[in-house]
Structures are given as structure tokens and as C-alpha cells.
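Here is a short briefing on one buried loop residue and on the aromatic rings. Have the sequence and the structure open as you read.

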Amino acid sequence: MDVRWLEDFLALVDLRNFTRAAEFRNVSQAAFSRRIQSLEQWLGTPLVIKGASPVRLTDAGEQFRDSARIAVERLFEARSSIRASQFDVMTQVRIAMPSVLARSEFKRILDAFGDRNRSSFSVIVGATSDVVARYLAGDADILFTHDCPAIPVHDNLTQHRRLHIRKDVFQPYASKDPARRDRFDFPGSKSRPVPLITYSQKAYFTRLFEHLLDRNKGVLPYKQRVQCDMSDVLKEVIASGYGIGWLPQSAVEPLDTAPISAIGGPEWRLEIDICAFRPQKTLSPNIEKVWTMLEQSTAFERVDQGEMK
């Protein structure tokens with residue numbers, strides 16, 4: 001039995017949809033379905049009711065759900081405990097952060113410590129959903145990520161300590177080049193929909209974009225043109241005049257030299273936070289020291305006052 005089968009099953013329990021659960025687990029739907037079937041074969045009984053939408057569990061699935069959750073938690077707790085007994089892990093701070101923040105924030109985080117901390121750092125970088133999942137699985141001590149009270153990045157993080165680092169803004173951008181910018185209107189019309197440059201469907205920023213659409217009652221005729229999870233790629237495509245796209249301002253800074261600029265009114269902007277998360281439990285002395293230095297740092301407050309427009 002593969003522990004990933006249990007994680008897949010729990011994702012399906014939480015999301016109640018095979019497609020969304022497969023995307024969350026970053027596997028194809030076919031591979032995800034095979035792993036659920038493998039778990040059912042190992043147990044000797046079906047766990048989900050075939051054809052039900054949203055997904056519903058069988059009686060056996062309901063019975064197995066809590067056992068699976070406890071088993072996964074205990075396995076990862078055991079792994080964390082074993083790792084914590086090793087000297088290298090005790091002296092190294094494991095950080096998880098999305099690629100978009102690694103570009104803009106990691107050096108600021110190191111600068112916040114200055115010469116007061118001699119810790120070494122290992123950094124897990126990837127898509128927001130992936131690094132959040134790895135942090136929750138115990139692969140990192142501290143998570144840096146975007147978060148928004150209206151659309152939390154992950155419900156399970158409400159059980160963790162949250163530290164506000166600085167503000168950010170999620171807003172639409174277009175090329176600064178007038179010739180490229182004039183190719184389309186914003187917010188467009190039914191006859192001339194906005195060519196949209198966007199993150200993939202499973203990305204956290206797509207959820208923020210959909211929240212903005214709902215807030216504006218969907219009055220944005222658009223046609224999706226490019227979809228990608230890398231903010232730098234989206235920024236280049238927007239700068240080349242292929243369309244408009246929503247990005248966090250932190251991905252565009254420094255603003256004065258960026259090839260793109262914000263468009264639209266305040267109704268199309270969403271204030272978001274850059275935050276750090278850590279477990280509630282007491283961590284190693286080295287990690288506790290790093291967290292305390294983050295709490296006491298004023299470097300990020302100066303960023304808020306000096307860069308946010």
C-alpha cells in the first residue's frame with residue numbers, strides 16, 4: 001500500500017470531485033482514478049459510489065475516512081520526528097514559498113535577519129498549491145505565501161500561526177507600449193472581448209480572479225488566449241501586447257522599469273497579503289529564533305509604506 005493512495009483518497013473526500021482532486025494532487029485524472037482503484041483493491045471494498053456527482057462515499061468509505069486521515073497524520077508526524085532528531089535538520093530552516101514570491105521576497109527575508117542569524121536555509125519552490133501541500137505534509141517548517149481573507153489560500157492553514165509580512169495587490173496589467181495597449185479595450189465588450197492572459201485553472205490566483213469576476217457580476221467579456229502558471233512568462237506575454245492579465249504587484253516590481261502597467265479602476269483590484277505560516281506547536285530553538293526575528297523585523301513594514309501604490 002502506497003501512502004499516496006491515502007492522500008489521494010483524502011483529497012477526494014475534501015473536494016468531492018475527481019477532476020479537482022487530481023489537479024490538487026498534481027496528477028492526471030486517469031492516474032488519480034487508478035490510485036483510488038488500487039486503494040479499493042487493497043482494502044477489498046469500494047470506497048466511493050460509482051457515478052455519483054458530487055462524489056459520495058460508500059459506508060466503507062465513510063468508515064475508512066477518519067482512519068486514513070489519522071494514519072497519514074501519524075506517518076508524517078513520525079517522519080518529522082525522525083528528521084528532527086538529525087543534527088542537519090535541527091540547524092537548517094526549511095522554507096516553502098511559491099515561485100512568484102521566491103523571486104520578490106526571499107532576499108528580503110534574508111535581509112531581515114542581517115548578520116544576527118547564522119542558520120542555513122533549504123527552500124522548496126513551486127506552484128502555490130504544491131508548496132502549500134508540501135508544507136502541510138511536514139516538508140517545510142515555515143511557509144511564505146499570498147493569502148486573502150475573502151479567499152484563503154487553504155482552509156487547513158487557519159489552524160496555523162499567521163504572520164503578516166506586507167501588503168500586495170492583485171490587479172490587471174497591460175503593455176506600456178501604446179501601440180500594443182491600444183489593440184483592445186478594457187473591460188471590453190461582447191463584440192470585442194478582452195484577450196485574457198491567465199494562470200491555470202488550479203492556481204490560487206485563478207480563484208482570486210474568479211472572486212473579482214463575481215464581485216463585478218461577471219461584466220468582463222473575455223477570451224482566454226494564454227494560460228501558464230509562471231508569472232514571469234505571463235508578464236512577458238502581456239508586455240508583448242497579446243492581451244491583459246491579472247498579476248500580483250510583487251511580480252511586477254520594480255514598477256518604474258517594468259514593461260507593463262496596471263489598468264482598470266479599483267473595482268478590478270484586490271488587496272492581498274504576503275504572509276508567513278508555521279505550526280502552532282513549539283518547534284526547534286533555531287526555527288523559533290527565526291520566527292521571532294521575522295516578528296520583530298521592520299524591513300517589510302518599510303516595503304509596505306514605500307512601494308505600495
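Helices and strands here are DSSP runs, numbered from the N terminus, with at least four residues for a helix and at least two for a strand. The model is predicted. Two topics follow: aspartate 141, then aromatic rings.

**Aspartate 141**
- Aspartate 141 sits in a loop. That loop runs between helix H7 (128-136) and strand S3 (142-147).
- Aspartate 141 has 8% relative accessibility, so it counts as buried; the cut-off for buried is under 20%.
- Beyond its neighbours within four places in sequence, aspartate 141 contacts Gln92, Val93, Arg94 and Tyr135. Its contacts also include Phe277, Arg278, Pro279, Leu283 and Ile287.

**Arginine over a ring**
- Arg278, one of the contacts of aspartate 141, also lies over the face of tryptophan 291. The distance to the ring centre is 5.7 Å.

**Aromatic pairs**
- The whole structure holds 10 aromatic pairs.
- One of the pairs is phenylalanine 170 with phenylalanine 205, and it is stacked. The centres are 5.4 Å apart, with 15° between the planes.
- Phenylalanine 170 belongs to strand S4 (residues 161-175), and phenylalanine 205 to helix H9 (residues 204-215). The pair therefore ties together parts that are 35 residues apart in sequence.
- Phenylalanine 170 is buried, at 1% relative accessible area. Phenylalanine 205 is buried too, at 4%.

**Aromatic cluster**
- Phe186, Phe209, Tyr222, Trp246 and Trp268 make up one aromatic cluster.

Note on methods. Residues numbered from 1 in each chain as written. Predicted model: local features only at pLDDT ≥ 70, side-chain atom pairs only at ≥ 80, totals over all residues. Heavy atoms only, no water. Buried < 20%, exposed > 50% of the residue type's maximum accessible area, 1.4 Å probe, protein only. Contact = heavy atoms within 4.5 Å. Phe/Tyr/Trp six-rings, centres within 6.5 Å; stacked < 30°, edge-to-face > 60°. Lys NZ or Arg CZ within 6 Å of the ring centre and 35° of its normal.
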